[in-house]
Amino acid sequence: MAARLLLRPGATAKLAAVGAAGLVLYPTSELHAETSQDDAPVPPKVRKPIYDDEVVDLPSPSESKSSSPTPTERLTAQVARARLFLHKYAAKTEDAANDALAKSFDLERSFTSTVASLAPPKESNEKLMPGLIYVLVSAMGSSIFVRNRNILLRASAPLAVGIGAGYYFIPITMGNVGELAWKYESKYPALADTHLRVKERITRFVQTGIAHSKMTVGMVEDKVGEARESVENWVSKGK
């Protein structure tokens, strides 16, 4: 029966096809149920030979030429640096000018406020214009009286008389001037100490002069009283 089937036409071709399919579908390695895909055998890596010729990209002559700056680019860079330098210098000059103007304005404001603070208040009824003229005339007149004296007296007498006349005619203004002078002198201890000692001596001298003048006036009054009494006695005796 089997021989009869094999002898049929086309049976040999069918058997050959079945055998080829069996060889293809037959597994060559064993597979287990617990085996995962990661545990599957890894095919060996194919290493590249170390002696393979590597192709190196060399820059073309046109690219090397384009990397260097052109004359136009160099000129542009120089112009940019010059503009930055000029801008920096102009900014510094402007800042210096602004600082100088600010300092000059502050100085002017300080000067005007200082001069205004020396003037007497309106309610004091003290006028500067006649008083300053009186002080100037007094100082010039004293220089006439001491014109034949030594140079020290000729230099100090007008100053002393002018200061005295100032305290007499414009006392409030002279007080303000003295306070301003003391404010600046306080910055220098040696000068302030000298000023205090000179002021103390002058004050003592003035007080001594006033006391002597009072004594002189008292003596003159006594002498005048005695002379008057003697004249009255002589007149009464003549009668």
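Helix H5 and helix H6 (151-169) each put at least two residues into a nonpolar patch, and that patch is a handy place to start looking around this predicted model. The patch covers about 670 Å² of surface and is built from Met129, Ile133, Tyr134, Val137, Tyr168 and Phe169. H5 gives the largest share, with four residues. On the H6 side, take Tyr168, which is found in that helix. Tyr168 counts as exposed because its relative accessible area is 66%, and the cut-off for that label is over 50%.

Now zoom out for a moment. The chain has eight helices and zero strands, so if you like your topology strings simple, α-α-α-α-α-α-α-α from the N terminus on is what you get. Of the 239 residues, 8% are buried. The accessible surface comes to about 21,900 Å², and carbon and sulfur atoms own 64% of that. As for how the chain meets itself, take the contacts with a separation of 6 or more: 49% of them join residues 24 or more positions apart.

Back to H5, this time at Leu128, which lies in that helix. Leu128 is partly exposed, at 30% relative accessibility. Setting aside neighbours within four places in sequence, Leu128 is in contact with Ala119, Pro120 and Thr173. There is also a link in space to a member of the nonpolar patch: the C-alpha atoms of Leu128 and Phe169 sit 9.0 Å apart, with the two positions 41 residues apart in sequence numbering.

Follow the contact to Thr173 and you land in helix H7 (residues 171-185). Is Thr173 buried or exposed? Thr173 is buried, because its relative accessible area is 8% and the label applies under 20%. Leaving out residues up to four places away in sequence, Thr173 touches Leu118, Pro120, Glu126 and Leu128.

Between helix H4 (71-118) and helix H5 (128-145) runs a loop, and Asn125 is found there. Check the backbone at this spot: Asn125 has a positive phi of about 60° although it is not a glycine. With a relative accessible area of 70%, Asn125 is exposed, whereas Thr173 is buried.

Next, the charges. How many salt bridges does a search of the whole structure find? The search turns up two. One joins Arg109 to Asp106, with the closest N and O atoms 2.9 Å apart. Both of these residues lie in helix H4, three residues apart, or about one turn of the helix. Arg109 is exposed at 52% relative accessibility, while Asp106 is partly exposed at 42%.

The other salt bridge is between the side chains of Glu200 and Arg204, at 3.2 Å from N to O. Glu200 and Arg204 are about one helical turn from each other because they are four residues apart in helix H8. Glu200 is partly exposed, with 47% relative accessibility.

Helix H8 is also where to look for a charged stretch of surface. Glu221, Asp222, Glu226, Glu229 and Glu232 gather there in a patch of negative charge, and Asp222, one of that group, lies in H8 (residues 189-238). None of the patch members is in a salt bridge, because residues that form one are left out when patches are drawn.

Terms used: Residues numbered from 1 in each chain as written. Predicted model: local features only at pLDDT ≥ 70, side-chain atom pairs only at ≥ 80, totals over all residues. Heavy atoms only, no water. Patch = residues over 30% accessible without salt bridge, like charges linked within 9 Å, V, L, I, M, F, W, Y side chains within 5 Å. Areas by Shrake-Rupley, 256 points an atom, 1.4 Å probe, with all protein chains shown as cover. Salt bridge = Lys/Arg side-chain N within 4 Å of Asp/Glu carboxyl O. Lys, Arg positive; Asp, Glu negative; His and termini not counted. Charge placed at Lys NZ, Arg CZ, Asp CG, Glu CD. Buried < 20%, exposed > 50% of the residue type's maximum accessible area, 1.4 Å probe, protein only. Contact = heavy atoms within 4.5 Å.
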